[in-house]
Amino acid sequence: MALRHAVLAALLDGEYSGYQLAKAFDVGVANFWYALPQQLYAELTKLEKEGLVAGRQVVQETRPNKRLFRVTDAGVAELEEFAASVSKPSFIRDDLLVKVQAADHIGTAPVIEQLEERASAADARIELFGKLLRQMRGDVDEEEFLRRGERIGPYLTCLRGLAFEQGNRDWCLRISAVLRERRTSHEKR
């Protein structure tokens, strides 16, 4: 997947400025695709040149003018083509896992601390995903929303982000406890 597809998918929900797109990425899309705001602005420029998004200038009296972008029919066709292509399997590339891999040969105190920090960060993301999911479905329970909701794509990706963060948190807490216990038992010898 290229950043272009994530941007096009994010713009399916409406017309966004670059700033609004960065905020939307930060809240929703970042659970499966991370991008810096500068990357998003550069990608919007490329997509506009290719005719996959259309931009328009909005004149504002009390603020600087802004450009709003929307997906074009060609952009939707690009997403259709992307959706039909074979997806590559996911893989993990994480420097913290390298540190855990080396745990038998290094001091583990900093690794334990980083695992616990990551678990804490995952807790914050879990809370955010829970809030987003509740906002998206409103007063409807989840099963009903999944059966009849207007637009479930963002909801489904948010569910994946929630599951990822829960798994990440649980793993970090378990591994920090294992390393802490091993360190304590080695100190007693």
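Colleague: How many helices and strands does the secondary structure of the protein chain come to?

Modeller: Bear in mind that this is a predicted model. Going along the sequence, the pattern reads α-β-α-α-β-β-α-α-α-α-α. Tallied up, that comes to eight helices and three strands.

Colleague: What radius of gyration does the protein chain have, next to a compact globule of 189 residues?

Modeller: Along the principal axes, the C-alpha atoms fill a box of roughly 70 × 45 × 40 Å. A compact globule of 189 residues would sit near 16 Å, but the protein chain has a radius of gyration of 21 Å.

Colleague: And what share of the residues counts as buried?

Modeller: The protein chain exposes about 12700 Å², with carbon and sulfur atoms supplying 53% of that. To count as buried, a residue has to be under 20% relative accessible area. Of the 189 residues, the share that makes it is 29%.

Colleague: Let's talk charges. How far apart are the mean positions of the positive and negative ones?

Modeller: There are 28 positive and 29 negative charges in the protein chain. Take the mean position of each set, and the two are apart by 3 Å.

Colleague: Which residue meets Arg4 in a salt bridge at 3.4 Å, and where does that partner lie?

Modeller: The partner is Glu78, with 3.4 Å from N to O. Arg4 lies in helix 1 (residues 3-10) and Glu78 in helix 4 (residues 73-84), so the pair ties together parts that are 74 residues apart in sequence. Arg4 is buried too, at a relative accessible area of 16%. So the name and place you're after are Glu78, in helix 4.

Colleague: In the salt bridge between Lys46 and Glu43, is Glu43 buried or exposed?

Modeller: Their closest N and O atoms are 3.7 Å apart. Both residues lie in helix 3 (residues 37-49), three residues apart, about one turn of the helix. Lys46 is partly exposed at 44% relative accessible area. Glu43, with a relative accessible area of 9%, is buried.

Colleague: How many residues apart in sequence are the parts that Asp104 and Arg182 tie together?

Modeller: Their side chains meet in a salt bridge at 3.9 Å, N to O. Asp104 lies in the loop between helix 5 (95-101) and helix 6 (109-137), while Arg182 is in helix 8 (residues 153-188), so the parts this pair ties together are apart in sequence by 78 residues.

Colleague: Which residues do salt bridges with shared partners join into one network?

Modeller: The salt bridge count comes to 15. Where they share partners, they join into one network Arg4, Glu50 and Glu78.

Notes. Residues are numbered from 1 along each chain as its sequence is written. This is a predicted model: local features need pLDDT of at least 70, side-chain atom pairs count only at pLDDT 80 or more; totals for chains, interfaces and linings use all residues. Side-chain values use heavy atoms; hydrogens and water are left out. Helices (H or I, at least four residues) and strands (E, at least two) are DSSP runs, numbered from the N terminus. The radius of gyration is taken over C-alpha atoms; the globule rule is 2.2 Å times the number of residues to the power 0.38. Buried means under 20% relative accessible area, exposed over 50%, partly exposed in between (1.4 Å probe, protein chains only). Accessible areas come from the Shrake-Rupley method with a 1.4 Å probe; for residues, only the protein chains shown count as cover. Lys and Arg count as positive and Asp and Glu as negative; His and the chain ends are not counted. The place of a charge is taken as NZ of Lys, CZ of Arg, CG of Asp or CD of Glu. A salt bridge is a side-chain nitrogen of Lys or Arg within 4 Å of a carboxyl oxygen of Asp or Glu.
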